[in-house]
Each structure stands twice: as C-alpha cells, then as structure tokens.
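Subject: The structure I promised you

Hi,

Here is the structure we talked about, ready for you to open. Have a look around first, and then read on for what turned up in it.

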Amino acid sequence: MRKVQIVSGVRRARVGIGAGVCAAVVVSALFLSVGTTAAQEPKNNVRKAHYNTASGGTPTVDEASKFLADAEANLLDLAVKGQRAAWVQENFITEDTEQIAADANQVLTALSVDLAKKAQRFDELKLPPVMARKMMLLKLAAGFPAPADPAEQKELAQVEASLDGDYGRGKWCPDGANGKCLDVTAVGKLMAESRDEAELKRAWIGWHAIGAPMRDRYGRMVQLGDKGSTELGFKDAGALWRSNYDMAPDDFAKEVDRLWNQLRPLYLSLHAYVRGQLVKKYGSIVPANGPIPAHLLGNIWAQEWNNVYPLMDSPKPEQSYDLTKILQDRHTDAQGMVRYGEGFFTSLGFAPLPKTFWERSLFTKPADRDVVCHASAWDVDSKDDLRIKMCIQITQEDFVTIHHELGHNFYQRAYNTQPVLFQNSANDGFHEAVGDTIALSVTPEYLKKLGLIDTVPPASGDIDYLLQQALSKVAFLPFGLTIDKWRWEVFSGQIKPDQYNKEWWDLRLKYQGVAPPVARTEADFDPGAKYHVPANVPYLRYFLARILQFQFQRALCLEAGYSGPLHRCSIYENKEAGRRLNEMLALGASKPWQDALATLTGEHQMDATALADYFAPLKAWLDEQNKKNNYPVGW
Ligand SMILES: [Zn+2]
C-alpha cells in the first residue's frame with residue numbers, strides 16, 4: 001500500500017490504511033533505502049554538513065556536490081535507524097516502542113524538510129543531470145512542507161497530529177457514548193456484510209460524523225502547507241504533489257484526465273450492471289438511472305465493491321478447485337507459502353532471498369504479544385536486509401498476497417546499488433503496481449505447473465472471475481482519482497472552505513456516479529472520514545498503480561511470447577520476461593519514470609488500454625447484460 005518515500009519519512013502512512021486499496025499494506029522501503037557506499041559510513045555518526053547556507057556567497061557545483069553527498073549520508077543513517085525502530089515497534093507494540101519509533105521518525109522528517117529548504121540555495125546553478133535530479137527529489141521529499149516561520153512550523157505539526165489522531169480515535173457509537181462503539185474496522189465489517197438498508201444508512205452516517213470536527217483545522221493545514229510550498233518555489237501544495245511525475249504539474253493533471261477517459265467506458269458498463277443488480281435487491285432506494293447510494297456498495301467509502309459480489313447474478317462456475325483446501329490438505333506451513341512466492345521470482349531469474357530474510361521476517365502471529373499484522377514488505381538497511389511481516393494464514397488470499405509483497409522486496413533489492421536518493425520506485429505508482437503485476441500471474445496455469453492442481457478449469461468460469469476482479473480493481477478507479485482531484489483544487493484555492501463538502505460530492509457524482517444516502521451540508525466534512533485526507537497522504541498513486549500493473553503485465557506477457565487472453569497469462573518460468581522486469585526495477589528513481597516504463601514496455605506514456613484489454617471479455621458480457629435487462633448506462 002502506501003509506500004513512503006524514504007526521505008519524507010511519513011510514518012503515519014502505515015497506520016491501518018484505506019481499507020484494502022491493495023490486498024495488503026506494504027510498508028516497503030519506508031524511509032530511504034540505503035545505498036551501498038553510504039552504508040559504509042560510520043554508523044551513529046551523522047556527518048556535519050560542510051556548507052553554510054547562511055553564509056551567502058555564490059554557490060558552486062563543488063559545493064552542491066558536497067551538499068548532496070552529506071545529505072544522502074545523513075538521510076541514510078537516519079532512515080536505517082528509523083526503519084529499525086519501526087520494525088521493533090510493529091513487532092512489539094508498547095508505549096515505549098511507539099515513542100522510540102515516533103522520535104526516530106521526527107528526526108528524519110525534520111532533516112528532510114531542512115534539506116529541501118537548503119537545496120534552494122542551488123536553484124540558479126547549472127548542475128550535471130544526476131545532481132539536478134537529486135536536488136529535485138530532495139525538494140519533493142518534503143511532501144507537505146511547513147513555512148519557514150518556527151511558530152507556523154509548530155502549528156502545522158500540531159494540526160497534522162491532531163487530525164491524524166482524530167481519525168485514529170474515530171468511532172461510531174450507535175447507542176450513544178456510553179454504549180458500545182465501533183471503530184473503522186468494525187464499521188467496515190458491518191458495511192461489508194449487512195444487507196439491511198436502514199442499518200447501512202445509520203452506519204454510513206455514524207462513521208461520516210467523525211469528519212465534521214476536522215473542518216476548520218483542515219482548512220488551516222491547507223493554508224500552512226500552501227505557504228510552505230510557495231516558499232519552496234511551488235505554486236501550491238497540489239502543484240508540489242503533482243511535480244513528482246517528471247512533467248509540468250498542469251500537464252500531469254491533463255495526463256490523468258486522458259487515462260480516465262480511456263477507462264470510462266468500462267467503468268460505465270460496470271456501474272450500470274451493478275446498479276441494476278442493486279435495484280433488484282433494494283428496489284426504489286436505488287434510482288434506476290441515477291447515482292448509486294454510497295452506503296449500498298459494501299464499503300464505507302464505496303471505493304471497492306467486491307463485498308457486493310454475492311448480489312451479482314453472474315453465472316457461478318462450479319468450484320473446480322479450492323486452493324485454500326489444497327494447501328491445508330498438504331500441510332503447507334507459513335514458510336512453505338513464502339517459498340512458493342520466492343520460487344516465482346527465482347523462476348524468472350532473480351537470485352534467491354538472502355538468508356537473513358528467513359531469519360528476520362515475521363511469518364506467523366506470535367502468541368505472546370501484539371504485533372501489526374497488516375502485511376508489509378521491508379527493506380531495513382537499503383542493502384540486503386529484506387523482510388516481510390505478515391500473520392500468514394494458509395489460504396488462497398494470503399498465497400496471492402505473499403507474491404505481491406515479495407514483488408516489493410525484489411524491487412527494493414533491484415535498485416539497492418543506486419545512490420540513496422534514487423532508491424525508490426520510478427514514480428509512486430510503480431511499487432504497488434509491481435507487486436500487483438506479480439499477483440496477476442498467480443493463475444490456474446501457474447498453480448498447475450506447481451503441481452497444486454491437476455487440471456486448469458475451463459474458460460466458462462472466466463467471466464465470473466473477471467467480474468470479481470473488476471468489482472475491486474475497476475470500481476476503484478474513479479474513487480482513486482477523485483480524492484486528489486478534490487485536494488488539488490482545495491490546495492489551489494479553486495475550492496473554498498465554505499464549499500468543501502459540496503465540491504467533494506460534486507466530484508464523486510461526476511466521476512463515480514455515487515451519492516450520499518442523506519442530504520449533506522457544509523456542517524459536514526465527509527472527506528475527513530477517509531484516512532488519507534486527515535492523514536494528508538497523497539492518493540493518486542493507487543489510481544496509477546491500477547493502470548500500470550496491467551500495462552506491465554501486457555508487456556511481460558508479450559515478451560514471454562504469450563498470445564492468449566491476458567487474464568490467463570502467467571510469466572512464471574520465463575527468463576526473458578524476468579530480465580526485462582529486472583531492467584526496469586534496477587533503475588529505481590534514477591531516471592524519469594517515462595524512461596523506466598519504456599525499459600519494460602517500449603512505451604513512454606501510461607496507457608489504460610492494457611487494463612481494457614484484460615477486462616475485454618467482461619466488458620462484452622456486461623454490455624450484453626445491460627442491453628438484455630434494459631439497464632440504462634450513466635447517471
Ligand atoms: Zn503492495
């Protein structure tokens with residue numbers, strides 16, 4: 001899931017995250033990764049910077065070079081300390097380990113912001129390309145920079161912490177404060193499972209109430225972040241966020257619209273079919289040709305619809321195999337599950353995981369203490385100390401998740417010889433996309449090669465399989481787009497504080513075709529009920545990852561000489577595909593993402609037609625169903 005750029009060290013991003021944006025939360029490469037040369041620096045000895053930004057004078061390339069070397073060494077040192085503290089904290093949750101981890105993170109964040117400001121000294125200097133790119137990354141790493149004024153810095157830190165804390169403590173108490181209260185997990189479970197419309201509406205309203213008290217503080221946070229961003233030379237905080245994509249911020253916004261237009265026909269078909277099915281279940285509560293009420297899609301935020309799959313009338317194939325049962329019957333243990341995942345990568349030509357991976361990872365939930373069970377992939381020393389942390393269950397779902405998590409680990413290792421500032425994915429969508437790409441290759445054909453099943457099920461069950469995939473992956477797309485579309489306009493001032501909620505729902509109507517179950521006003525602040533808004537974590541990466549994973553998969557399958565339907569392709573055992581993949585991964589963030597993408601796909605643009613290709617058989621089926629049932633399309 002959220003992959004935190006090292007240098008920005010935004011630890012809070014790992015908290016329970018947006019309920020299933022990816023199968024598992026990946027904490028990969030949390031802070032920075034460590035470069036091999038930098039790792040040789042003496043530990044616990046952050047080098048003193050040799051430049052003096054206050055001293056004025058004309059900056060030189062030499063001085064810039066020294067500045068960058070110091071910056072990378074210091075970031076590396078603090079990042080590794082932060083990673084170790086975080087690992088211990090998540091494996092032994094106590095007040096003390098939480099404080100130690102927070103302290104380590106705070107030091108790293110402070111350094112990151114400080115370096116971003118100091119990098120400005122070299123703005124007018126003509127630097128060699130590698131140095132110029134490092135300077136740019138240093139500035140962007142500030143993430144959401146505070147203004148220079150110390151009082152405002154303190155205020156921003158307090159506002160951010162209070163919003164984050166509000167969300168974390170958020171609860172819905174149906175019987176009043178003295179009764180039983182439900183946290184986000186419990187509300188999420190209720191909304192996933194309940195089919196009682198009145199109950200769903202109550203839960204929806206109850207959870208969304210947590211946003212209202214955040215409104216004024218959120219507005220203040222926006223002011224402060226915008227001020228800090230302009231001090232760094234960006235138009236506003238949204239322009240800073242969009243500057244992470246190796247193109248002009250406004251061009252990137254247009255690029256995102258272009259991708260959405262490629263996807264829209266598929267989304268409209270899915271929306272029409274699902275709405276028709278919900279009308280059958282809920283009657284006139286669901287307008288036959290209007291937006292879908294947001295409380296009926298099996299998810300607090302209506303962001304993924306896989307939980308309403310049982311309400312769909314798609315032809316259910318006879319279950320031809322049950323991977324969970326097969327794995328359990330064979331007494332596969334947690335380590336055996338991970339060995340299957342490693343085997344996928346070694347079959348592509350990647351070296352096996354290091355011995356320390358097996359010694360230091362957490363595979364099973366300890367009986368004697370609290371740990372963070374959300375699956376995550378770690379790169380502790382930015383060299384070779386790779387780990388995963390998961391409470392593995394012997395199930396099909398975890399079998400797939402392990403392949404996904406290891407995708408992050410192999411990416412981390414592929415770029416570990418890059419300089420510290422380049423030890424990251426090509427853009428923030430790439431890391432998730434790589435994990436998901438590998439998971440797409442967990443097909444019946446692959447399971448047969450592993451000897452887990454004897455026969456590959458017939459194509460007749462494919463529509464049902466693709467529908468299940470689409471209910472999470474395709475349904476998510478406009479949601480993934482909307483969160484940051486709203487924030488970009490909030491940061492730019494185009495959306496004013498007295499329109500926050502109205503504009504939020506206008507965008508959700510426009511892109512998603514969903515509407516709140518009850519009238520909303522500006523006394524509400526519904527964006528605050530979604531983790532990434534109060535926690536101030538950028539969201540567009542999830543939209544990009546959903547698109548990129550299919551583009552990667554299409555290119556890899558082509559490289560592997562595969563010519564059947566894309567959803568049946570697995571690149572298992574294909575060394576050529578593995579070589580191409582590794583070439584892209586090894587670049588890290590050293591080149592613009594367009595170059596990394598071209599290394600694998602030959603294409604310099606993101607292209608959502610690969611996603612459309614993957615779901616083409618489903619699109620045809622959905623259109624047929626919509627026609628047959630007279631389901632209107634659009635809203
Ligand atoms: Zn992931």
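The buried residues of helix H3 are covered by, among others, helix H2 (61-91) and helix H4 (129-140). Please keep in mind throughout that this is a predicted model. The residues of H3 that are buried are Ala101, Ala104, Asn105, Leu108, Thr109, Ser112, Val113, Leu115 and Ala116. The length of H3 fits too: its 24 residues (95-118), at 1.5 Å a residue, should span 34 Å, and the end C-alpha atoms are 35 Å apart, which agrees.

Val107 also belongs to H3. Is it buried or exposed? Neither quite: Val107 has 15 other C-beta atoms within 10 Å, so it is partly exposed. Its C-alpha atom is 8.8 Å from that of Gly82, although the two are 25 residues apart in sequence.

Next, helix H7. Its 12 residues (197-208) should span 16 Å at 1.5 Å a residue, and its end C-alpha atoms are indeed 16 Å apart. Leu200, Ala203, Trp204, Trp207 and His208 are the buried residues here. Looking down the axis of H7, you will find these buried residues within an arc of 120 degrees, so they line one face of the helix. It helps to recall that an α-helix has 3.6 residues a turn, so residues three or four places apart point the same way.

What covers that buried set? Helix H6 (184-193) is included in the cover. The axes of H6 and H7 are 10 Å apart, and the two helices pack at an angle of about 150 degrees. An angle over 145 degrees counts as roughly antiparallel, so that is how H6 runs relative to H7. The crossing of H6 past H7 is left-handed. On the H6 side the contact is made by Val187, Leu190 and Met191, and on the H7 side by Leu200, Ala203 and Trp207.

There is a second helix pair to look at, further along the chain. Helix H15 (residues 430-440) and helix H19 (residues 540-559) have axes that come within 8 Å and cross at roughly 45 degrees. That angle makes H15 oblique to H19, and H15 passes H19 in a right-handed crossing. From H15, the residues Phe430, Glu432, Ala433, Asp436, Thr437 and Leu440 take part. They meet Arg541, Tyr542, Ala545, Leu548, Gln549, Phe552 and Gln553 of H19.

Val633 sits in the segment after helix H23 (616-628). Val633 has 16 C-beta neighbours inside 10 Å, so it counts as partly exposed. Which residues does Val633 contact, leaving aside its neighbours within four places in sequence? They are Leu268, Ser269, Ala272 and Asn626. Val633 is also 9.7 Å from Pro265, C-alpha to C-alpha, with their positions 368 residues apart in sequence.

Finally, two loop residues for you to click on. Most residues other than glycine have a negative phi. Ala302 is not a glycine, yet has a positive phi of about 55 degrees. Ala302 lies in the loop between strand S1 (292-293) and helix H11 (323-329), and its 24 C-beta neighbours inside 10 Å make it count as buried. Ser382 has a positive phi as well, near 60 degrees. The loop that holds Ser382 joins strand S2 (376-379) and strand S3 (386-389). With 28 C-beta neighbours inside 10 Å, Ser382 counts as buried.

Happy exploring!

How values were computed. Residues are numbered from 1 along each chain as its sequence is written. This is a predicted model: local features need pLDDT of at least 70, side-chain atom pairs count only at pLDDT 80 or more; totals for chains, interfaces and linings use all residues. Helices (H or I, at least four residues) and strands (E, at least two) are DSSP runs, numbered from the N terminus. The expected span of a helix is 1.5 Å times one less than its number of residues. A residue is buried if 20 or more other C-beta atoms lie within 10 Å of its own, exposed if 12 or fewer, and partly exposed in between; C-beta atoms are placed from the backbone. Two residues are in contact if their C-beta atoms, placed from the backbone, lie within 7 Å. The arc is that of the directions from the helix axis to the C-beta atoms. Axes are lines fitted to C-alpha atoms, for helices over the stretch in contact, and angles run from 0 to 180 degrees between N-to-C directions. Angles under 35 degrees count as roughly parallel, over 145 as roughly antiparallel, 65 to 115 as roughly perpendicular and the rest as oblique. A crossing is left-handed if the near helix is turned anticlockwise from the far one by less than a right angle, and right-handed if clockwise.
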